[in-house]
Amino acid sequence: VQEKLLNIASKSSLSQKEKFDLLDRYLKKVNIPAKSPDGTLLAKNKIQLIELIIKLATKKHTQRPIDLSRPAPTMVTLPDDFVHPSKPRILTVREMARIQSFPDSFEFRGKETTGGTKRRTEVPQYTQVGNAVAPLLAFELGKAFMDILKKNSV
């Protein structure tokens, strides 16, 4: 249902009124006030909810909320591929790093994100997290390689 609503809201071929009318029909049985799974108030009435859906819509079709009932997806270098599971925003660098198994003490340096030609000379924090091998995976691979080397050296 979420994808259908955002798909309607992001259609450039529809006028604002057409989007509003379609969303209004889809949201006939929605509970108001609308709250996120953690109880955060998203909209006090249906008009606010429709306006929020239209505001959050993008032309990006890979954008989706993280499903807390499933394993975490692979973190990538583009922070807007995933939406926070209970808040209408992208994940922070720290949230992405936690999913990748980085300890909270690990420090990422540089800007959070950069674009255009600056990406040739700067490696933003989101890119550092997205391009990294998850530390716990790297640790387990290292242990497996050590076991292989020990067995072959005898």
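How many helices and strands does the chain have? Here is my point-by-point read of the model, which is a predicted one.

1. Overall layout. The chain has 6 helices and 4 strands. Going along the sequence, they come in the pattern α-α-β-β-α-β-β-α-α-α. So if you are scrolling through the model, expect two helices, then strands with a helix between the two pairs, then a run of three helices to finish.

2. Burial and surface. There are 154 residues in the chain, and buried ones make up 26% of them. The accessible surface comes to about 10,900 Å², with 57% of that belonging to carbon and sulfur atoms. As for contacts, take those with a separation of 6 or more: residues 24 or more positions apart account for 38% of them.

3. Leu23, a good place to start looking inside. This residue is found in helix 2, which covers residues 16-26. Is Leu23 buried or exposed? Its relative accessibility is 0%, and the cut-off for buried is under 20%, so Leu23 counts as buried. Setting aside neighbours within four places in sequence, Leu23 touches Leu5, Ile8, Ala9, Ile50, Ile53 and Ile54. For one of these, Ile54, there is a C-alpha distance too: 9.0 Å from Leu23, with the two positions 31 residues apart along the chain.

4. His84, buried in a loop. You'll find His84 in the loop between strand 4 (82-83) and helix 4 (93-99). At 12% relative accessibility, His84 is another residue that counts as buried. What does its side chain have for polar company? A polar atom of the His84 side chain lies 3.2 Å from the backbone nitrogen of Lys87. Beyond the neighbours within four places in sequence, His84 is in contact with Pro65, Arg89, Leu91 and Glu95.

5. Ser101, worth a look at the backbone. Ser101 sits in the loop between helix 4 and helix 5 (125-131). Its phi is near 80°, which is a positive value in a residue other than glycine. If you colour the model by backbone angles, Ser101 is one to click on.

6. Salt bridges. The structure holds 7 of them, and three are described here. Asp104 pairs with Arg98, with the closest N and O atoms 2.9 Å apart. Asp104 is partly exposed, at a relative accessible area of 48%, and Arg98 is partly exposed as well, also at 48%. Arg109 forms a salt bridge with Glu107, where the closest N and O atoms are 3.5 Å apart; both Arg109 and Glu107 are exposed.

7. The Glu122 and Lys111 bridge. In this salt bridge the closest N and O atoms are 3.7 Å apart. Where do the two partners sit? Glu122 and Lys111 are each in the loop between helix 4 and helix 5, 11 residues apart. Glu122 counts as partly exposed at 25% relative accessibility, and Lys111 counts as partly exposed at 43%.

8. Aromatics. A search of the whole structure finds 3 aromatic pairs. In one of them, the rings of Phe102 and Phe106 have their centres 4.9 Å apart and their planes at 50°. Why is this pair called tilted? Planes under 30 degrees apart would count as stacked and over 60 as edge-to-face, so at 50° the pair falls into the tilted class. Phe102 is buried, at 9% relative accessibility, whereas Phe106 is partly exposed, with a relative accessible area of 38%. Phe108 joins these two residues, and Phe102, Phe106 and Phe108 form one aromatic cluster.

9. A nonpolar patch on the surface. Which residues form it? The members are Val133, Leu137, Leu141, Phe145 and Ile148, and together they have about 480 Å² of accessible area. Leu137 lies in helix 6, which covers residues 135-152. Leu137 has a relative accessible area of 47%, so it counts as partly exposed.

Conventions. Residues are numbered from 1 along each chain as its sequence is written. This is a predicted model: local features need pLDDT of at least 70, side-chain atom pairs count only at pLDDT 80 or more; totals for chains, interfaces and linings use all residues. Side-chain values use heavy atoms; hydrogens and water are left out. Patches are made of residues with over 30% relative accessible area and no salt bridge: like charges are joined within 9 Å, nonpolar side chains (Val, Leu, Ile, Met, Phe, Trp, Tyr) within 5 Å. Accessible areas come from the Shrake-Rupley method with a 1.4 Å probe; for residues, only the protein chains shown count as cover. A salt bridge is a side-chain nitrogen of Lys or Arg within 4 Å of a carboxyl oxygen of Asp or Glu. Buried means under 20% relative accessible area, exposed over 50%, partly exposed in between (1.4 Å probe, protein chains only). A polar contact is a pair of N or O atoms within 3.5 Å; within protein, one must be able to donate a hydrogen and the other to accept it, and residues adjacent in sequence count only if both atoms are side-chain atoms. Contact means heavy atoms within 4.5 Å. Rings of Phe, Tyr and Trp (its six-membered ring) pair if their centres lie within 6.5 Å; planes under 30 degrees apart count as stacked, over 60 as edge-to-face and the rest as tilted.
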